[in-house]
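Reader: Hey, got a minute to walk me through this one? I'd like to get a feel for the fold before I set anything up.
Author: Sure, pull it up and fire away.

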Amino acid sequence: MPDTPSITREDVAHLARLARIDLPPESLDHYAEQLGVILGSVAQVAEVAAEDVPATSHPMPLVNVFREDVVRPCLTNEEALSGAPSVESERFRVPRILDEE
Amino acid sequence: MTGSTDLTRLTAAETASAVAAGEVSAAEVAAAHLDRIAAVDDRVHAFLHVDAEGALAAAKAVDAARSSGEQLSPLAGVPLALKDVLTQKGIPTTCGSRILEGWRPPYDATVTARLKDAGVVILGKTNMDEFAMGSSTEHSAYGATHNPWDLDRIPGGSGGGSAAAIAAFEAPLAIGTDTGGSIRQPAAVTGTVGVKPTYGAVSRFGLVALASSLDQAGPCARTVLDAALLHSVIAGHDPLDSTSLDQPVPDVVGAARRADVKGLRIGVVKELGGEGYQAGVRQRFDEAVALLADLGAEVVEVSAPHFPYALAAYYLILPSECSSNLAKFDGIRFGLRVGEDDGDPSVEQVMARTRAAGFGPEATRRIMLGTYALSAGYYDAYYGSAQKVRTLIQRDFAAAFEQADVLISPTAPTTAFKLGEKLDDPLAMYLNDVATIPANLAGIPGMSLPIGLAPEDGLPVGLQIMAPAMADDRLYNAGAALEGALLDRWGHPILEEAPAL
């Protein structure tokens with residue numbers, strides 16, 4: 001368990017990059033302070049999470065869930081594109097996908 | 001129905017039987033509720049969208065079915081408010097977020113489809129904290145909902161719009177969703193009834209996911225029986241949701257009608273009460289426990305030693321799942337896109353600009369928390385440990401349910417607080433869900449029902465009942481028994497004490 005983490009504005013900037021959120025620089029200190037407080041509090045889970053305790057990811061242990069393989073109605077092309085901010089030739093239109101470098 | 005009856009004051013059960021008997025038309029019922037919304041919702045702000053045309057059309061279809069001699073379903077013609085996190089075909093669905101402003105989903109959630117099939121009249125979509133993250137609705141991008149008991153106070157969250165709509169008599173029924181208490185805590189602070197069913201009992205298809213292993217939709221109502229009627233409409237196996245339980249729905253309506261706690265073993269959870277709980281909350285809770293004992297229940301104290309760690313585990317598991325689920329809001333397939341015309345940006349830059357503009361502060365905090373908790377080097381210490389705590393919480397429940405048939409606690413530590421009071425203090429806001437979160441981590445069902453007003457502020461207090469998985473009927477039996485005894489004591493439903501709007 002790491003010590004109670006202190007989160008710097010650089011850490012927040014890094015997290016925001018990973019999360020693809022273009023945060024304004026002036027908000028970084030405030031988020032750093034709040035995330036630090038929250039992480040300091042939730043770190044207490046390590047106090048009782050002993051080696052021999054199995055992890056639970058899901059409340060109901062369902063395995064091998066299948067349904068009948070039958071054809072059912074699905075969205076039309078038009079419906080699937082209906083909420084997109086930009087559409088071209090019956091497809092989602094995206095900005096350029098390659099970086100300059 | 002006489003002309004002087006206020007149709008908005010009826011219970012759902014009364015409304016359905018009046019419609020079925022032809023004493024009133026579903027169209028009149030819908031119109032009365034639309035009028036009420038027009039009269040009070042500028043102050044309450046429970047709704048983000050009102051679909052007057054669709055509601056009247058649905059009501060007329062019920063009336064036509066009745067005229068042609070069709071057998072009506074038990075809630076046919078009853079109006080309902082739908083939380084804006086469930087899709088309804090062609091109707092704006094925002095999840096309280098700017099990032100989905102204007103999105104009209106091309107499909108119905110399974111819950112929505114079942115409501116329509118049952119002849120329930122959907123009035124509109126209710127306000128909520130953004131993507132269901134919050135306990136006050138103040139994190140809605142479209143402004144907070146106001147508690148009908150005191151318009152300066154929070155209606156709870158995230159489903160504050162659904163709870164407030166019911167408490168303000170804008171609808172007799174609503175759908176909420178509960179990830180850590182978002183049905184039960186708003187019910188508690190508005191003097192209404194709310195139920196989080198067993199995880200998997202109600203389909204999540206079309207429920208925009210916050211934390212997939214915790215989210216569950218459920219009924220909101222003014223009475224326990226009304227909640228049971230709605231529960232039985234929306235619950236049941238759905239092949240479109242692989243986490244949906246393929247098991248029969250417990251007889252919740254029968255249980256609500258039975259309302260008998262004689263010999264029922266009721267466990268008071270030691271760790272969910274005492275220090276940190278408002279005096280008036282504790283007082284009303286202790287009175288309710290005494291009342292249950294008077295009704296013949298066998299009250300025992302149970303201990304759940306790991307519950308004090310539930311909040312911490314939840315605020316690792318939820319942000320982790322949320323950071324993954326909300327990655328789909330990328331400005332490509334639906335919703336907002338910004339910053340495309342500023343220079344010649346790449347898709348990643350547009351995505352980052354869109355998400356910065358589209359997500360509010362709480363969503364941003366939790367996405368970053370989850371990103372942190374899941375990153376290499378921290379995963380075992382944070383997310384891994386939280387998953388272990390989840391096992392310990394489940395074991396605590398299993399041990400407690402050996403000693404008791406149902407467990408009870410206050411639903412929330414305090415009554416409704418003032419709008420703005422905790423808005424920029426995330427930890428203080430998170431503590432509102434301290435008593436409701438354990439049930440989500442374990443997947444078990446929970447109900448909140450009103451047990452009186454706190455003497456110090458005159459605001460509603462809620463009691464939480466919890467039962468083992470797929471024993472949702474026990475909530476309704478115990479809840480209806482307590483509700484009936486309180487009604488005898490008060491002489492009227494608690495909402496009659498709320499100030500007129």
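Reader: How do strands E2 and E4 of chain B run, and how many bridges join them?
Author: They run parallel, and three bridges join E2 (residues 79-83) to E4 (residues 173-177) in chain B. Keep in mind this is a predicted model.

Reader: Ok. What stands opposite Leu82(B) in E4(B)?
Author: That's Ile175(B).

Reader: And which helix lies across E1, E2, E3, E4 and E6 of chain B?
Author: Helix H5 (residues 160-167) of chain B, and its direction is at about 160 degrees to E4(B). Helix H7 (residues 224-234) of chain B packs on the sheet too, where it touches E2, E4, E5, E6 and E10 of chain B. H7(B) makes about 150 degrees with the direction of E6(B).

Reader: Zooming out, what's the strand order in that sheet of chain B?
Author: E1-E3-E2-E4-E6-E5-E10-E11-E9-E7-E8, so to speak end to end: 11 strands in an open sheet of chain B, with mixed pairing. E1 (47-50) and E8 (298-302) of chain B are the edge strands; each has a single partner, so one side of each has no neighbour in the sheet. On average, neighbouring strands are turned by 30 degrees against each other, ignoring direction.

Reader: Switching to helices. At what angle do H10 and H13 of chain B pack?
Author: About 125 degrees, with the axes 9 Å apart; H10 covers residues 310-325 and H13 covers residues 380-403 of chain B.

Reader: Why call H10(B) and H13(B) oblique?
Author: Angles of 65 to 115 degrees count as roughly perpendicular and those over 145 as roughly antiparallel, so H10(B) and H13(B) come out as oblique to each other. The crossing of H10(B) past H13(B) is left-handed.

Reader: Which residues make that contact?
Author: On H10(B) they include Leu316(B), Ile317(B) and Glu321(B), and on H13(B) they include Tyr383(B), Arg390(B) and Ile393(B). By class, the contact of H10(B) with H13(B) has nine nonpolar, two polar and two charged residues.

Reader: What about H10(B) against H12(B), what's the angle there?
Author: About 100 degrees, and the axes are 7 Å apart. H10(B) and H12(B) are therefore roughly perpendicular.

Reader: Last thing, the interface: how much do chain B and chain A bury between them?
Author: About 5400 Å², 69% of it on carbon and sulfur atoms. In contact terms, 71 residues of chain B meet 59 residues of chain A. In chain B, Tyr309(B), Met368(B) and Lys388(B) lose the most area to chain A, together 12% of what that side buries.

Note on methods
Residues are numbered from 1 along each chain as its sequence is written. Chains are lettered from A and ligands numbered from 1 in the order in which they are written. This is a predicted model: local features need pLDDT of at least 70, side-chain atom pairs count only at pLDDT 80 or more; totals for chains, interfaces and linings use all residues. Side-chain values use heavy atoms; hydrogens and water are left out. Axes are lines fitted to C-alpha atoms, for helices over the stretch in contact, and angles run from 0 to 180 degrees between N-to-C directions. Helices (H or I, at least four residues) and strands (E, at least two) are DSSP runs, numbered from the N terminus. Angles under 35 degrees count as roughly parallel, over 145 as roughly antiparallel, 65 to 115 as roughly perpendicular and the rest as oblique. A crossing is left-handed if the near helix is turned anticlockwise from the far one by less than a right angle, and right-handed if clockwise. Contact means heavy atoms within 4.5 Å. Ala, Val, Leu, Ile, Met, Phe, Trp, Tyr, Cys and Pro count as nonpolar, Asp, Glu, Lys and Arg as charged, and the others, Gly among them, as polar. Two strands pair if DSSP finds at least two bridges between them. Buried area is the accessible area (1.4 Å probe) that two parts lose on being put together, summed over both.
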